[in-house]
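Student: I'm new to this one and would like to learn how to read it. Can we go through it together?
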Amino acid sequence: MFRFVFAAALLVATVAAGPLDRVHSHQNPEAHAQIVSYENVLQDDGHYNWQYETSNGIAAHESGLGAHSANGAFSYTGPDGVQYRVVYVADENGFQPQAAHLPTPPPTPEHVFKTLEQIRANPPKDQKDFSLEALDATIARLRQH
């Protein structure tokens, strides 16, 4: 008797849940997105570019010189229904995204600039890899924020 009741309960639960595909598609409609355009070009000199777009509104593109630098952008619709777009550069300074929705760093305190300027005026003589150009680039980057 217990087996019959357990089997009946299992059958009722399975029928009530419905097909698994239907359950998952209601939970994640993005699972059925398809690529609507795609391009990938690699040139002999190492330059490349690629782009794609999906049926659910995701788009991305990038161009660059392999392992040296890249410029690109991607966009998507967030869970809040807002279209987000990120533009980026990736180079010797790392990945540098820019977008209205990304947090920005607080302003650099003036005492940091004074310290960097003191280092610039009196560069360390015992550091072989010290670079005034790199220090100047750092100061310029910090002044932008």
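Tutor: Sure, let's start with Ala 67, which is exposed at a relative accessible area of 88%; exposed means over 50%, buried under 20%, and partly exposed in between, with a 1.4 Å probe and protein chains only. Keep in mind that this is a predicted model, where local features need pLDDT of at least 70, side-chain atom pairs count only at pLDDT 80 or more, and totals for chains, interfaces and linings use all residues. Residues are numbered from 1 along each chain as its sequence is written, and side-chain values use heavy atoms, with hydrogens and water left out.

Student: Where does Ala 67 lie?

Tutor: Strands (E, at least two residues) and helices (H or I, at least four) are DSSP runs, numbered from the N terminus. Ala 67 lies in the loop between β3 (59-65) and β4 (69-77), and its phi is positive, near 60°.

Student: How many bridges pair β3 and β4?

Tutor: Two strands pair if DSSP finds at least two bridges between them. Here β3 and β4 have seven, in the antiparallel sense. Ala 60 stands opposite Phe 74 in β4, and Phe 74 has Val 86 in β5 as a bridge partner.

Student: How many salt bridges are found in the whole structure?

Tutor: A salt bridge puts a side-chain nitrogen of Lys or Arg within 4 Å of a carboxyl oxygen of Asp or Glu. The search finds one: Asp 136 meets Arg 120 at 2.5 Å, N to O. Asp 136 is in helix α4 (residues 132-144) and Arg 120 in helix α3 (residues 110-121).

Student: Are those two buried or partly exposed?

Tutor: Asp 136 is partly exposed at 30%, and Arg 120 is partly exposed at 34%.
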